[in-house]
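Reader: I've just opened this model for the first time and I'm a bit lost. Could you take me through one part of it slowly?

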Amino acid sequence: MSDVSDEVMSDEESAEMYRQVFGEGEPEYMFEQLIDGPNVEQFENEKERDDANENMVDSRAARQISRGLPTVKKLTIKNFRKKNDDVADLMATGWLTLEASINAIQTKQHVATNLEQLYKVVESLCENKMARTTYDKLLDNIRKWIGRFRNELNEKCAAGGVEFMKAIENLWSDYCEEMILIRNVFLYLDRTFILENIDESPIWESSLGIFREEIILHGSVLKKLIGGILDRVAEERAGDQVDRYLLRALLRMLRTLDLYKQVG
């Protein structure tokens with residue numbers, strides 16, 4: 001069992017985990033991009049420079065008009081935008097690449113596409129106004145994936161006991177590791193789309209909500225889990241030996257999912 005459920009890893013640690021999943025040879029600057037995120041300062045400096053140039057042109061035109069002299073029309077060059085067909089194709093092919101990588105992470109297989117390419121796919125989708133669609137598709141994928149484990153858990157939930165508690169902790173631990181890796185793939189989305197849409201939750205927080213709703217709050221899982229925890233505590237107080245590591249891991253999970261108050 002892993003302690004990764006205790007807290008979110010730092011960007012540096014999760015980038016190192018991704019290096020292990022993808023294998024050696026990833027460009028160092030790619031991990032710097034993951035850690036540092038988009039260069040906001042550079043964007044702001046370029047914007048200030050463009051604004052200053054535009055003001056200078058406007059002032060010059062005003063002086064020309066005041067002197068009765070002809071003015072030169074200002075030429076504005078707009079950023080190139082992909083045509084609708086190209087954008088649709090980018091969404092289709094780009095998401096297929098991202099989805100294949102997500103599925104590989106979830107099934108603990110080698111990710112065929114390297115990190116630099118995945119990062120650029122996400123960046124391209126966001127820059128072509130497809131951040132919302134990408135965000136929704138990602139959460140839908142996560143929800144469908146974790147929902148597949150409910151039937152298996154329901155069977156163990158009926159029996160309860162330590163085996164059921166271990167199944168919950170193992171699923172949670174694996175899920176956290178998967179989400180740390182997946183979040184790194186979509187880090188550009190997480191640091192741009194979320195900043196512009198304050199009503200949306202970051203990917204990590206959204207993934208916690210999905211696990212809480214699809215697993216812990218489904219059926220009688222939470223009731224059985226809390227009952228199992230309290231039974232183990234009672235056994236320990238009676239002098240029996242219990243798996244204290246398992247209890248701590250489950251209590252940390254409930255705290256992370258904001259369900260700790262349910263224990264009492």
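Let's start with one residue: where is Lys129 found? And once that's settled, could you go on to helix H10 and tell me what it meets?

Author: Sure. Keep in mind that this is a predicted model: local features need pLDDT of at least 70, side-chain atom pairs count only at pLDDT 80 or more, and totals for chains, interfaces and linings use all residues. Residues are numbered from 1 along each chain as its sequence is written, and side-chain values use heavy atoms, with hydrogens and water left out.

Now your residue. Lys129 is in the loop that runs between helix H5 (115-127) and helix H6 (131-147). (Helices are DSSP runs of H or I with at least four residues, strands are runs of E with at least two, and both are numbered from the N terminus.) Lys129 isn't a glycine, yet its phi is positive, at about 60°. Its relative accessibility is 73%, so Lys129 counts as exposed. (Exposed means over 50% relative accessible area, buried means under 20%, and partly exposed is in between, using a 1.4 Å probe and protein chains only.) Asp258 tells a similar story: its phi is near 60°, again a positive value in a residue other than glycine. You'll find Asp258 in the segment after helix H12 (244-256), and because its relative accessibility is 65%, it counts as exposed too.

Before we get to H10, here's the whole chain. There are twelve helices and zero strands. Of the 264 residues, 40% count as buried. Take the contacts between residues at least 6 apart in sequence: 78% of them join residues at least 24 apart. (Contact here means heavy atoms within 4.5 Å.)

On to H10, beginning with its partner H8. The axes of helix H8 (residues 161-185) and helix H10 (residues 203-216) come within 11 Å and cross at roughly 155°. That makes H8 roughly antiparallel to H10. (Angles over 145 degrees count as roughly antiparallel, under 35 as roughly parallel, 65 to 115 as roughly perpendicular and the rest as oblique. The axes are lines fitted to C-alpha atoms, for helices over the stretch in contact, with angles running from 0 to 180 degrees between N-to-C directions.) The crossing of H8 past H10 is right-handed, that is, the near helix is turned clockwise from the far one by less than a right angle, while anticlockwise would be left-handed.

Who touches whom? From H8, the residues taking part include Trp172, Tyr175 and Arg183, and those on the H10 side include Trp204, Leu208 and Phe211. Sorted by class, this contact of H8 with H10 has 14 nonpolar, one polar and one charged residues. (Ala, Val, Leu, Ile, Met, Phe, Trp, Tyr, Cys and Pro count as nonpolar, Asp, Glu, Lys and Arg as charged, and the others, Gly among them, as polar.)

H6 is another partner of H10. The axes of H6 and H10 come within 10 Å and cross at roughly 35°, and this crossing is right-handed as well. Tyr135, Leu138, Leu139, Ile142, Arg143 and Ile146 in H6 meet a set of H10 residues that includes Ser206, Glu213 and Glu214. By class, the contact of H6 with H10 has nine nonpolar, one polar and three charged residues.

Two of those H10 residues are worth zooming in on. Ser206 sits in H10 and counts as buried because its relative accessibility is 11%. Not counting residues up to four places away in sequence, Ser206 touches Tyr135, Leu139 and Ser201. Glu214, also in H10, has a relative accessible area of 13%, so it is buried. Leaving aside neighbours within four places in sequence, Glu214 is in contact with Arg143, Ile146 and Arg150. With Arg150 there's a polar contact of 3.0 Å between the side chains. (A polar contact is a pair of N or O atoms within 3.5 Å; within protein, one must be able to donate a hydrogen and the other to accept it, and residues adjacent in sequence count only if both atoms are side-chain atoms.)

One last stop is Met253, in helix H12. At 0% relative accessibility, Met253 counts as buried. Its contacts, leaving aside neighbours within four places in sequence, are with Ile168, Trp172, Phe211, Ile216 and Leu225. Met253 and Arg212 are 41 residues apart in sequence and 10.0 Å apart in space, C-alpha to C-alpha.
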